[in-house]
Amino acid sequence: MAHDDTRPLTLRDVSEASGVSEMTVSRVLRNRGDVSPATREKVLEAAKALGYVPNKIAGALASQRVNLVAVIIPSFRNMVFPEVLSGISSVLEETDLQPVVGVTDYLPEKEEKVLYEMLSWRPSGVIIAGLEHTDASRAMLKASGIPVVEIMDVDGTPIDSMVGISHRRAGREMAKAILKAGFQNIGFMGTKMPLDHRARKRFEGFTEALAKNGVEIMDQEFYSGGSALAKGREMTRDMLDRTPELDFLYYSNDMIGAGGLLYLLEKGVKIPEEIGLAGFNGVELLDGLPRKLATMDACRTEIGRKAAQIIAARVDNPDAEIEKEIELTPTIAYGGTLRRK
């Protein structure tokens, strides 16, 4: 029987195309039951030729779950998160689970909305960036009854599981390396801290380590908006106009750091002899710069992988013994903008 293009395909269409019963088609498409290899291949070929996609919602009515993992991140514009998603996908593609992504733009109220919509589809798990959420978001995550992994940060207490780095420790380690290299007049440029909690924590760790050595930040500037080369150039120019005695510039991310580096190179500044620089994230895209920016790897891909492994293992066996608090250790890449001593 020819399919009417105005209506959705059904199991009956696949049954008629393959010449087997609807029940057998259902077993094959759900990978259930004892079906011969020849029959299975016949059904799958017919379904593929028709373009048939099973209705997972119908199956979810019985199981109360769909094979989706809600992945909630603050931004697609930030180059950090594509690598996290790559790590998640590399693990989930070996399972029946599929990631579905929601973006919050670093806004707590938007995170609430995205989380509410995603949980209404009854996913099998949630991977969500950060440890800071509104009371409503925390309540939804706690009541979800599914594995929840908070990623990117371990400076706090997780709702369920967490995978990330200590941003306070990252800030402290960078401060120690800068001081060890002999720099004292330090400026900081970064994102608007109330929204980017991880950048705020790095700044706190950074200033804490400086203070222990009797050094204070000489100048600082925070901005809102995306991380861009143009913003880094602009901020670097303005800060050095205000405070020309600075001998080191620490940026909250590599993109604005790269903008600052390009500006200084154009001005003929000797780096790191006159001014040293460092960023954060270890963005590979910037490896082609005239001078390699000092930075710190945030373990992005590995964070995604380990978070997905936790979800997959617990979906497969809810009682599995899984490490629920995983802290990864970033390392400093000195590049050509920070002296190693």
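These questions and answers walk through a predicted model, from its sheet to its helices, loops and aromatic rings.

Q: Which strands stand at the edges of the open sheet?
A: Four strands form this sheet, in the order β7-β6-β8-β9, and the pairing is parallel. An edge strand has a single partner, so one side of it is left without a neighbour in the sheet. That describes β7 (219-223) and β9 (276-278).

Q: By how many degrees are neighbouring strands of this sheet turned against each other on average?
A: The strands follow the order β7-β6-β8-β9. Take the turn between neighbours and ignore direction. The average is 10°.

Q: What is the bridge partner of F188 in β8?
A: Strand β6 covers residues 186-191, and β8 covers residues 248-251. The two run parallel and are joined by four bridges. In β8, F188 has as its bridge partner Y250.

Q: What angle does the direction of helix α8 make with that of β8?
A: Helix α8 spans residues 167-180 and packs on the sheet. There α8 touches β6, β8 and β9. Its direction and that of β8 make an angle of about 165°.

Q: How many Å apart are the axes of α5 and α12?
A: Two packed helices are described by an angle and a distance between their axes. Helix α5 holds residues 80-92, and helix α12 holds residues 300-316. Their angle is about 40°, and the crossing is right-handed. The axes are apart by 7 Å.

Q: How many charged residues has the contact of α5 with α12?
A: From α5 the contact includes V80, E83 and V84, and from α12 it includes R300, T301 and R305. By class, six residues are nonpolar and five are polar. The number of charged residues is three.

Q: Which residue does a cis peptide bond join to I271?
A: Omega of this bond is about 5°. The partner sits in the loop between α11 (254-266) and β9. That partner is P272.

Q: Is C299 buried or exposed?
A: C299 lies in the loop between β10 (295-296) and α12. Phi of C299 is near 60°, a positive value in a residue other than glycine. The relative accessible area of C299 is 13%, and the cut-off is under 20%, so C299 is buried.

Q: What is the relative accessible area of D105?
A: D105 is in the loop between β2 (98-103) and α6 (108-119). Its phi is positive, about 55°, although D105 is not a glycine. D105 is partly exposed, with a relative accessible area of 39%.

Q: How many residues apart in sequence are the parts tied together by F188 and F206?
A: These two form a tilted aromatic pair, 6.4 Å centre to centre, with 35° between the planes. F188 is buried at 1% relative accessibility, and F206 is buried at 0%. F188 lies in strand β6 and F206 in helix α9 (residues 197-212), so the parts tied together are apart by 18 residues.

Q: Where does F222, the partner of F203, lie?
A: F203 and F222 form an edge-to-face pair, 5.5 Å centre to centre, with 85° between the planes. F203 counts as buried at 13%, whereas F222 is partly exposed at 36%. F203 lies in helix α9, and F222 lies in strand β7.

Q: Which residues form one aromatic cluster with F188?
A: The structure holds seven aromatic pairs. F188 pairs with F206, and F203 pairs with F222. The cluster joins F188 with F203, F206, F222 and Y250.

Conventions
Residues are numbered from 1 along each chain as its sequence is written. This is a predicted model: local features need pLDDT of at least 70, side-chain atom pairs count only at pLDDT 80 or more; totals for chains, interfaces and linings use all residues. Side-chain values use heavy atoms; hydrogens and water are left out. Two strands pair if DSSP finds at least two bridges between them. Axes are lines fitted to C-alpha atoms, for helices over the stretch in contact, and angles run from 0 to 180 degrees between N-to-C directions. Contact means heavy atoms within 4.5 Å. A crossing is left-handed if the near helix is turned anticlockwise from the far one by less than a right angle, and right-handed if clockwise. Ala, Val, Leu, Ile, Met, Phe, Trp, Tyr, Cys and Pro count as nonpolar, Asp, Glu, Lys and Arg as charged, and the others, Gly among them, as polar. Buried means under 20% relative accessible area, exposed over 50%, partly exposed in between (1.4 Å probe, protein chains only). Rings of Phe, Tyr and Trp (its six-membered ring) pair if their centres lie within 6.5 Å; planes under 30 degrees apart count as stacked, over 60 as edge-to-face and the rest as tilted.
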